[in-house]
Amino acid sequence: MCQLLGMNCNTPTDIVFSFEGFRLRGGLTDKHADGFGIGFFEQKGVRLFHDDKPSAHSPVADLIKAYQIKSENVIAHIRRATQGSVELANTHPFMREMWGEYWLFAHNGHLQDFFPEAGDFYRAVGSTDSERAFCFILERLRQRFASKPPAEELFAALAELVAHVRSHGIFNFMLSNGDMLFAHASTLLHYIVRQAPFGE
């Protein structure tokens, strides 16, 4: 399955140190060699980089290392394809607009028999279960809320939708609009909290 890396900070920070170890897992220290992507939120904008080549050997990943972009919210993904061919259209994170904001989504897992009806607003471009799940979630949220709801209502609605999707298999994901970073684990995920003075 794929692997995820996310960062949520209270001040713009670069992710170079963590990304450098992560990218090597894409074809060098691990077998996730079917492409990668990383998205950086910068205020209302997003810098989004994709490559269908292994991240360990990608010039795009070299650019990210050299650029040292600072962001408060980052989502990165290295792919080991289980559904959909190895091509740019199937690389994560996926991005869509909702309520006047960009949303990024990356998934680790495998959903079986998950083919929701095509939505009015959101449809998959590629052929992955992951993008179908992202479009399904956004479609249902947009149908339910004409404008962005308070965080508590959004979280409750998202939890309902996630419960439905995860009934189809493994559904670990990260979802962000640049202000909030939602992370869901249906299997074991890990997180690290770093706070000043950055002790052990």
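**Helix H4 and its surroundings**

On helix H4, the face turned away from the buried side carries exposed residues: Glu152, Phe155 and Glu160. The model described here is predicted. Its mean pLDDT is 92, and 96% of the residues of the protein reach 70 or more. Among the elements, strand E5 (residues 94-98) has the highest mean pLDDT, 98, while helix H1 (residues 16-24) has the lowest, 88. Where pLDDT is low, the predicted coordinates should not be read in detail.

The other side of H4 is made of different residues. Leu154, Ala157, Leu158, Leu161, Val162 and Val165 are buried in this helix. They lie on the same side of H4 because the arc they cover around the axis is only 140°. What do the buried residues of H4 pack against? Their partners are strand E6 (101-111), helix H3 (129-144), strand E7 (169-176) and E8. The length of the helix can be checked as well. With 16 residues at 1.5 Å a residue, H4 should span 22 Å, and this agrees with its end C-alpha atoms, which are 22 Å apart.

Aromatic rings form another part of the picture. How many aromatic pairs does the structure hold? There are eleven. In one of these pairs, the ring centres of Phe155 and Phe182 are 6.4 Å apart and the planes stand at 25°. Planes under 30 degrees apart count as stacked, so the pair of Phe155 and Phe182 is stacked. Since Phe155 belongs to helix H4 (residues 151-166) and Phe182 to strand E8 (residues 181-184), the pair ties together parts that are 27 residues apart in sequence. Is each ring residue buried or exposed? Phe155 counts as exposed, because its relative accessibility is 53% and the cut-off for exposed is over 50%. Phe182, with a relative accessible area of 10%, is buried.

Elsewhere, ring pairs link Phe105, Phe134, Phe171 and Phe173 into a cluster. The ring of Phe121 has a charged neighbour: the charged end of Arg142 sits over this ring, 3.8 Å from its centre.

A last stop is Arg123, in the loop between E6 and H3. At 53% relative accessibility, Arg123 counts as exposed. Leaving aside residues up to four places away in sequence, Arg123 touches Arg96, Ala118, Glu131 and Cys135. His107 is 16 residues from Arg123 along the chain, and the C-alpha atoms of these two residues are separated by 17 Å.

Technical notes
Residues numbered from 1 in each chain as written. Predicted model: local features only at pLDDT ≥ 70, side-chain atom pairs only at ≥ 80, totals over all residues. Heavy atoms only, no water. pLDDT = per-residue confidence, 0-100. Helix = DSSP H or I, 4+ residues; strand = E, 2+ residues; numbered from the N terminus. Phe/Tyr/Trp six-rings, centres within 6.5 Å; stacked < 30°, edge-to-face > 60°. Buried < 20%, exposed > 50% of the residue type's maximum accessible area, 1.4 Å probe, protein only. Lys NZ or Arg CZ within 6 Å of the ring centre and 35° of its normal. Expected span 1.5 Å × (residues − 1). Arc of directions from axis to C-beta. Contact = heavy atoms within 4.5 Å.
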